[in-house]
Amino acid sequence: MRVCVIGTGYVGLVTGACLAYIGHDVICVDNNEAKVKLMSSGQSPIHEPGLPEVMQSAIAKGKITFTTDIAAGVTHGEILFIAVGTPALPDGQSDTRYVEAVARSIGEHLHDGYRVIVNKSTVPIGSGDWVRMIVMDGMAAQGGSSKAEFDVVSNPEFLREGVAVFDTFNPDRIVLGSSSDRALKLMQELYTNIINREFAEDKTLSPVPVVVTDINSAEMIKYAANAFLAVKISFINEVANVCDRVGADVVEVGRGIGLDSRIGQKFLQAGIGWGGSCFGKDVSALIHTADDYGYNTELLNACVKVNQQQRVLVVEKLQQVLKILKGKTIGLLGLTFKPDTDDMRDAPSITLIDQLSRLGAKVKAYDPIVSQSGMRDGFSNVIVETDAERLADGCDALILVTDWKQFKSLDYAKMVPLMANPVIIDARNFLDRASLETAGFKYVGMGR
Ligand SMILES: NC(=O)c1ccc[n+]([C@@H]2O[C@H](COP(=O)([O-])OP(=O)(O)OC[C@H]3O[C@@H](n4cnc5c(N)ncnc54)[C@H](O)[C@@H]3O)[C@@H](O)[C@H]2O)c1
Ligand SMILES: O=c1ccn([C@@H]2O[C@H](COP(=O)(O)OP(=O)(O)O[C@H]3O[C@H](CO)[C@@H](O)[C@H](O)[C@H]3O)[C@@H](O)[C@H]2O)c(=O)[nH]1
């Protein structure tokens, strides 16, 4: 099928490349010229395992092209995906201005035929009708000459960064929200190979469940899923804080409760709290939507508060060991919000850098992906080292911030003599306490 994906970030590029890989004819549109140039040469502007291979294979087969020309994309696609960012505004509500610009532009370039316009971006509940209205406005701007027809579908995305390609070929479910049978039929056809697990790791599994529902419910499913996961993490972090006080080990507790099939083992890793581009903004947007209707989301407010406290708690643990942080050098192991990505949006490391700098400490960092030049404006005070031993050199403490798997096998014994003070705060409960203590570290975990 002919597909156009508008917005080639973590979601749009992965979606476009994977759909092209399975045989669709895809045009990816982005208004960032430098990105389009890079992608056209087969390179991915983001670090996402497996993505360059999928892109290059699709390019070699002539299944995907990249352009800044939205008119070309809109003319080409039977299915038009909107996959631009919806970041949070300062008051917590979703900033839908990029979606609006794209929807208008689609309308301005829709001249004839039938299209399915898909909201892939995470958009506030009610955006389906709003996008329809904006597209119609764009079409009206053609002066009544447009003969095009279209339907809007909500098809929220559930991929995780770092495993985005895997998640696209092995989804837990596909959600389709629409009142149009015609549009729903085309969407099911688009995803047939994925539904039948033809590109899945385990091809013997039964087909991917497809949740066909109304647009509002589809939009709500996305927010509710992220909110539930954020609450689950805040819950285990709260349990960890009680464990710290009573002398229990939250890792054991998580294992013990997670074996209950009603609870499940996943998302029970206590630590520095959740971060990333989605949980914070999506929970805030849901809180904001509820507030628009006069409803106070007590549980979600608490989930956010626990998460904010959890980041600060790591600094408090450091203060308990070192007492004064002014004049101390602290080394951060990891900068990205999670492993296997280059994404630092709402990363806990940023809060740590702010807090530690405010308290007068010097901050150094080492991350397998983020280099000194990759640090965004405002963080020039952070020295990004090129390996973990250089990081340890002269530090009064290390904080394990991101659970990159290569951090498990660092030569910690070699790092101890390099440090002014061999302290490590394992803010993810990721490392082996016994071997670090044998190496000479004072080990501090989270809730254990
Ligand atoms: N990142 C994730 O893991 C994830 C997962 C599920 C859902 N989502 C949702 O998907 C959406 C996109 O997220 P993302 O992380 O991929 O965003 P992103 O910021 O990485 O990418 C957005 C892209 O859109 C482009 N863009 C902006 N305005 C444009 C325009 N007018 N025309 C063409 N291109 C334009 C930008 O240049 C950028 O490349 C958001 O709503 C997000 O909530 C993200
Ligand atoms: O037990 C856990 C699991 C995760 N995290 C943290 O939670 C955050 C989010 O992790 P994860 O969900 O793996 O990453 P994302 O790529 O942000 O994916 C989430 O956000 C996406 C954007 O909406 C959704 O598509 C995904 O389904 C949803 O998992 C990260 O900071 C993790 O370190 C924990 O602290 N403890």
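These legends walk you through five close-up views of a predicted model.

**View 1. The surroundings of ligand 1.** Welcome to the first ligand, which has 26 residues around it. Gly 7, Gly 9, Tyr 10, Ser 121 and Thr 122 are the closest of them. Helix H5, spanning residues 97-109, is the biggest contributor to this shell, with 3 residues. Sorted by class, the shell holds 11 nonpolar, 11 polar and 4 charged residues.

**View 2. The surroundings of ligand 2.** Here the shell counts 21 residues, and those that come nearest are Glu 161, Gln 269, Trp 274, Gly 276 and Cys 278. Two elements, helix H10 (215-246) and helix H12 (279-292), each supply two or more residues. H10 gives the most, with 3 residues. Look for both domains in this view: domain 1 (2-213) and domain 2 (246-448) each provide at least three residues of the shell. By class, 10 of the shell residues are nonpolar, 6 are polar and 5 are charged.

**View 3. A closer look at Cys 278.** UniProt, in an unreviewed entry, lists Cys 278 under "active site". You will find Cys 278 in the loop between helix H11 (250-258) and H12. Is Cys 278 buried or exposed? Cys 278 has 23 C-beta neighbours inside 10 Å, so it counts as buried. Cys 278 is also among the residues that come nearest to ligand 2.

**View 4. Two lysines from the "binding site" annotation.** The unreviewed UniProt entry gives this label to several residues, including Lys 222 and Lys 338. The annotated residues are spread over 181 residues of sequence and also in space, with up to 24.5 Å between C-alpha atoms. Lys 222 sits in helix H10 and is buried, because 24 other C-beta atoms lie within 10 Å. Beyond its neighbours within four places in sequence, Lys 222 is in contact with Thr 122 and Pro 156. Lys 338 belongs to the loop between strand S9 (329-333) and helix H14 (348-358). Lys 338 counts as buried too, with 20 C-beta neighbours inside 10 Å. Again leaving aside neighbours within four places in sequence, Lys 338 is in contact with Glu 161, Gly 162, Gly 276 and Thr 402.

**View 5. The buried face of helix H3.** Which residues of H3 (residues 51-60) are buried? They are Leu 51, Val 54, Met 55 and Ala 58. Seen down the helix axis, the buried residues of H3 fall within an arc of 100°, so they line one face. An α-helix has 3.6 residues a turn, so residues three or four places apart point the same way. Covering the buried residues of H3 are elements including helix H1 (12-21), strand S3 (64-67) and helix H7 (164-169). After H3 comes Gly 62, with a positive phi near 70°.

Definitions and conventions: Residues are numbered from 1 along each chain as its sequence is written. Chains are lettered from A and ligands numbered from 1 in the order in which they are written. This is a predicted model: local features need pLDDT of at least 70, side-chain atom pairs count only at pLDDT 80 or more; totals for chains, interfaces and linings use all residues. A residue is near a molecule or strand if its C-beta atom, placed from the backbone, lies within 6 Å of it. Helices (H or I, at least four residues) and strands (E, at least two) are DSSP runs, numbered from the N terminus. Ala, Val, Leu, Ile, Met, Phe, Trp, Tyr, Cys and Pro count as nonpolar, Asp, Glu, Lys and Arg as charged, and the others, Gly among them, as polar. Domain bounds come from an automatic or database domain assignment. A residue is buried if 20 or more other C-beta atoms lie within 10 Å of its own, exposed if 12 or fewer, and partly exposed in between; C-beta atoms are placed from the backbone. The arc is that of the directions from the helix axis to the C-beta atoms. Two residues are in contact if their C-beta atoms, placed from the backbone, lie within 7 Å. UniProt positions are given in the numbering used here, feature names are shortened, and annotations may be inferred rather than shown by experiment.
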